[in-house]
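User: I'd like a close look at one part of this chain rather than a tour of everything. Could you take the shell around one of the ligands and walk me through it?

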Amino acid sequence: MPDLARKILCSVLTAGTALVTLSMAPARADEPSAELLARGEYVATAGDCIACHTRPGGKPFAGGLSMTTPMGNVISTNITPDPDHGIGKYTEQEFEQSVRHGIRRDGSRLYPAMPYVSYSGMTDEDVKALYAWLMHDVKPVAETPPATELNFPANLRITMAVWNLVAGSTTPETGDSATFDKLRRGRYLAHALEHCGTCHTPRNMMLTEKEGSYLAGASLLGWYAPDITPSKTGGIGNWTEDNLVAYLRTGHVNGLSQAAGPMGEVVEHSTSHLTDADLHALAAYILQVPAMDDDVDHTPREQFGQVLNTPDIRTGELTRIDRLDEMDGQHVYDANCAACHGDNGAGTDDHYAPSLFHNGVVGSARPDNLIMTVLHGVDRTAGNEHAFMPGFDQKSDVQRLSNAEIASVVNYVMTTFGSGNHNVTAEQVGTMRSGEATKVP
Ligand code: HEC
Ligand code: HEC
Ligand code: HEC
């Protein structure tokens, strides 16, 4: 056989053998199984990594979201598997150190805006699956978000080591988290993955979650994450497990509460994707944590108000079109809200626009979430349902309302359908309007 022919034949044969070997061989040792990847994706969803690691309009997991904290703005990093811009060079161990202990690959400390204190409770198996999925199934993005620059002393990452000593961390759960019984699974979801306490638990001076106040309610620059302990007065003690499951799955339970702002995002990106069994586990767990009273809500938020029987008490009254910039609350309501929520506040027949009485936001003694809802509206997709209410801030396509108009409509709505007049002022609305942050640790 001529040399050349032999060479060709040889290479064809070798290639053939190689192909056969490839197709017959089991997955390479470092090739994660489909099962592991599916688990990793679920852990990433339950841990809601995408919420903080994606900026509005940005590529998934490429970072760049700015989070306002009392120390300054912290910008989330790129956690796609890009080796230069993301975490492509992280080994599984290095990844574990950053996710559970807040220590970066280069040894520096992460800011607690990354909820590693919660994630420290994750099982080894779930961290492994999460790593495999991020490395294998997330598209690398070659973008570096702007660096975080905080004020002194927080700009020294080493101070976070001290913070860590105070904040402590949880011992990881052991065993297979998929086989935990209902309450243990619920506890695991609430603490280690969903980090509900990151927003709903108040913080002490060291900015760590206050011990003994789990889920008792906390401010989030503008929004207020209410008391969701089973307290019958300040919390959600009158909700059933099914109510809470429905809220977490859809973000909407007419006659109780809807999810806007940061909670709408939690529902959209995370809880609406949980399995039925996990939602029930989570709800059952939340509904049995120690009840905490609230400082200002002393009557269940959802119990206030009733349908307004005299929708137009102004009959006969002339609208002063020369003074429309000073519309009173009822005028603002009639012009901007009544089309959807009804003159009588009952919402649309199908409850797409919810009733404003028996509504957690309107029934709270804190007007914060009503002001924020009027400013920013609601934009939440869960399953096939898109809940949309326009915002009325300076970016509104519908109607830009002034601070004074928003204050007056908030006072009107809360007096008519909710917990009473809280005398919201235009200045208060102005402060909330300027708050740029929507997510804080
Ligand atoms: C509440 C917001 C938030 C959530 C949720 C969150 N992160 Fe982070 N993460 C951050 C911020 C902010 C940083 C950057 C902190 C810093 O610069 O010190 C960060 C940093 C990281 C880093 C370090 C990367 C590097 O080298 O810079 C990793 C890894 C990471 N996050 C993984 C995850 C994973 C995995 C999840 C989901 C299980 C997750 N994060 C969920 C806010 C978040
Ligand atoms: C990113 C911050 C954040 C996280 C994380 C978060 N929440 Fe919320 N939650 C909020 C805010 C803000 C509100 C108020 C929303 C509104 O007014 O529309 C809220 C509202 C709620 C309500 C309605 C309470 C009422 O009385 O109307 C429930 C129930 C709730 N959250 C449960 C949970 C559970 C369970 C978790 C964990 C799975 C969780 N939240 C995680 C911020 C958060
Ligand atoms: C185009 C219809 C529309 C208009 C106009 C409208 N809303 Fe809404 N509103 C909705 C929808 C839809 C939701 C979200 C329901 C959901 O979350 O599933 C909503 C939600 C709300 C909530 C509950 C938010 C929460 O966080 O739980 C309040 C309170 C509210 N609207 C008040 C108002 C007020 C006050 C105005 C006028 C300034 C107004 N709405 C104008 C349709 C509308």
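Analyst: Here's a walk through the shell around ligand 3, followed by a short stop at an annotated site. Keep in mind that this is a predicted model.

Let's set the scene with the whole chain. It runs to 441 residues, of which 45% count as buried, and it holds 17 helices and eight strands. Among contacts with a separation of 6 or more, 66% are between residues 24 or more positions apart.

Now for the ligand. Ligand 3 has 29 residues around it, and the closest are Q258, A260, C337, C340 and M389. Which elements supply at least two residues each to that shell? On the strand side there are β6 (257-258) and β8 (385-389), and on the helix side α14 (338-341), α15 (368-376) and α16 (403-417). The top contributor is α15, which puts in four residues. As for chemistry, the shell counts 20 nonpolar residues and nine polar ones, with no charged residues.

One more spot is worth a stop. An unreviewed UniProt entry carries a "binding site" annotation on C49, C52 and H53. C49 sits in helix α3 (residues 49-53), and C52 belongs to helix α3 too. Buried or exposed, where does C49 fall? C49 is buried, because it has 24 C-beta neighbours inside 10 Å. C52 has 21 other C-beta atoms within 10 Å, so C52 counts as buried as well. Setting aside neighbours within four places in sequence, C49 makes contact with A44, F61 and I79.

Terms used: Residues are numbered from 1 along each chain as its sequence is written. Chains are lettered from A and ligands numbered from 1 in the order in which they are written. This is a predicted model: local features need pLDDT of at least 70, side-chain atom pairs count only at pLDDT 80 or more; totals for chains, interfaces and linings use all residues. UniProt positions are given in the numbering used here, feature names are shortened, and annotations may be inferred rather than shown by experiment. A residue is buried if 20 or more other C-beta atoms lie within 10 Å of its own, exposed if 12 or fewer, and partly exposed in between; C-beta atoms are placed from the backbone. Two residues are in contact if their C-beta atoms, placed from the backbone, lie within 7 Å. A residue is near a molecule or strand if its C-beta atom, placed from the backbone, lies within 6 Å of it. Ala, Val, Leu, Ile, Met, Phe, Trp, Tyr, Cys and Pro count as nonpolar, Asp, Glu, Lys and Arg as charged, and the others, Gly among them, as polar.
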